[in-house]
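Colleague: I am new to this structure and would be grateful for a guided discussion. May we put it on display and then proceed question by question?

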Amino acid sequence: MKKNSRVTMSDVARAANVTTQTVSRAFRNTSDISEETRERILRIAGELHYVMNNTASSLRAGNSRLIVVVYDNLINIYFSIMIDYLQKHLRQRGYSILVLSVSHSRFDRETYEFAVSHNAAGVVSFLEPEPEIGEMVRNFRLPVLIVGRRSPIANIDYIRTDDREGGRLAAAWLAEHGVTRPAYVTIDRIVSCAQDRYSGFYEELARRGIREPVVIDDYTRPLRDSVAELFAASENAPDGVFCFNDMLAFELMYHISALALGRVYIVGYDCIQQEVRMPVRLASLGTDKDVFAMRAVEIIVSAVEEKRMGGIEETMPVRLWVDDAT
């Protein structure tokens, strides 16, 4: 054995004067090995500082317990919170995670192939899948769960919040605060949840006889510039804004304050203040993220262990969280 090289199962087998298969059975605690032999092998392995290669073991056994989690925004705290909850519930079930941050907003072929090449048992994606992913799931039999988005692909599961209802609740809260000139700020109107949130927002405003909201969705320019332009005509400036997520809402609050634009009611989405305390409170829509993550884990684990591809489409209820919001 070379100095400073990683100790292998073969090294342990030689030291214990047994076969590598016997060492493997000792670590898997199978019934066809005596307790005395197992304890001796484990003792020798400990003395050699052997660490079992779980990836190699799962490849041999065909039972990988690795879940790849895909998202696209390192800055958004919401993903950090959700991934932490996902990891907690997956660990409780004996699974580990590999987090993959990508620079694009869709779950594409390259990302799926990454999961396949790493012998993943399943994929949890916060991004909507490209149409070709359905065919890849059929070919590779690696199950996928989309979280927070809808998916029209039949062999892919998804779980999301009730985004349309969230939009309605946002409109109702703003209307109750006397808002008559609403706006909607989003990152991408093509994303299903952005569409649904806007639809619910628009419908509730119309039902209450409030004008159609102005939309800011041009991210080819800084949000500060869009806000400054929107509020330039003071007589028509928004007095209430619904933001696609809390990160946008906090950024908007910052720019409104920096530009001294006065009082504007703002409501966000994701309720990150449930886990992260902010100096300025924000009204926000969302669901209990721990419960949301727990159910997501139940779905992906059932898909892995039952070898099920698709069939589950779930929507979690949302509520408005208001904690001294301004």
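Colleague: Where in the chain is aspartate 270 placed?
Modeller: Please note that the model is a predicted one. Two strands frame this residue, E11 (265-269) and E12 (283-286). Aspartate 270 belongs to the loop between strand E11 and strand E12.

Colleague: Which side chain of opposite charge is nearest to aspartate 270, and how far away is it?
Modeller: Aspartate 270 is buried, yet it has no salt bridge. A salt bridge requires a side-chain nitrogen of Lys or Arg within 4 Å of a carboxyl oxygen. The nearest side chain of opposite charge is that of arginine 197, at 4.5 Å.

Colleague: Which residues is aspartate 270 in contact with, leaving aside its neighbours within four places in sequence?
Modeller: Contact here means heavy atoms within 4.5 Å. With the neighbours within four places in sequence left aside, the residues in contact with aspartate 270 are Tyr78, Asn245, Asp246, Ser284, Leu285 and Lys289.

Colleague: Is lysine 289 buried or exposed?
Modeller: A residue counts as buried under 20% relative accessible area. Lysine 289 has a relative accessibility of 1%, so it counts as buried.

Colleague: Which residue meets lysine 289 in a salt bridge?
Modeller: The two side chains meet at 3.0 Å, N to O. Lysine 289 lies in helix H12 and its partner in the loop between E11 and E12, so the pair ties together parts that are 14 residues apart in sequence. The partner counts as partly exposed, at 30% relative accessibility. It is glutamate 275.

Colleague: How many residues apart in sequence are the parts tied together by lysine 88 and aspartate 290?
Modeller: The side chains of lysine 88 and aspartate 290 meet in a salt bridge of 3.1 Å, N to O. Lysine 88 belongs to helix H5 and aspartate 290 to helix H12 (residues 289-306), so the parts that the pair ties together are 202 residues apart in sequence.

Colleague: What are the relative accessible areas of lysine 88 and aspartate 290?
Modeller: The partly exposed class lies between the limits of 20% and 50%. Lysine 88 is partly exposed, with a value of 34%. Aspartate 290 is also partly exposed, and its relative accessible area is 22%.

Colleague: Which residue forms a salt bridge with arginine 181?
Modeller: The two side chains meet at 3.9 Å, N to O. The pair links distant parts of the chain, 58 residues apart, with arginine 181 in the loop between helix H8 (163-176) and strand E8 (182-185) and its partner in the loop between helix H10 (223-230) and strand E10 (240-243). Arginine 181 is partly exposed at 25%, whereas the partner is buried at 14%. That partner is aspartate 239.

Colleague: How many salt bridges does a search of the whole structure find?
Modeller: Side chains of opposite charge can pair when their charged atoms come close. The protein has 39 positive and 44 negative charges, whose mean positions are 6 Å apart. Over the whole structure, the number of salt bridges found is 23.

Colleague: How far apart are the C-alpha atoms of asparagine 73 and alanine 237?
Modeller: Asparagine 73 is found in the loop between strand E1 (66-71) and helix H5 (77-92). It counts as partly exposed, at 31% relative accessibility. Alanine 237 is 164 residues away along the chain, and the C-alpha atoms of the two are separated by 30 Å.

Colleague: Which helices are included in what covers the buried residues of H2?
Modeller: In helix H2 (residues 20-28), the buried residues are Thr22, Val23, Ser24 and Ala26. After H2 comes asparagine 29, with a positive phi near 55 degrees. The cover over the buried residues of H2 includes helices H1 (9-16) and H3 (35-47).

Colleague: Which residues of H1 are buried?
Modeller: Just after H1, asparagine 17 takes a positive phi of about 60 degrees. Within H1, the buried residues are Met9, Asp11, Val12, Ala13 and Ala16.

Colleague: What is the radius of gyration of the protein?
Modeller: The secondary structure comprises 12 helices and 14 strands. For 326 residues the globule rule gives 20 Å, and the protein is well over this, so it is more spread out than a compact globule. Its C-alpha trace spans about 85 × 40 × 30 Å along the principal axes. The radius of gyration is 25 Å.

Conventions:
Residues numbered from 1 in each chain as written. Predicted model: local features only at pLDDT ≥ 70, side-chain atom pairs only at ≥ 80, totals over all residues. Heavy atoms only, no water. Helix = DSSP H or I, 4+ residues; strand = E, 2+ residues; numbered from the N terminus. Rg over C-alpha atoms; globule rule 2.2 N^0.38 Å. Lys, Arg positive; Asp, Glu negative; His and termini not counted. Charge placed at Lys NZ, Arg CZ, Asp CG, Glu CD. Buried < 20%, exposed > 50% of the residue type's maximum accessible area, 1.4 Å probe, protein only.
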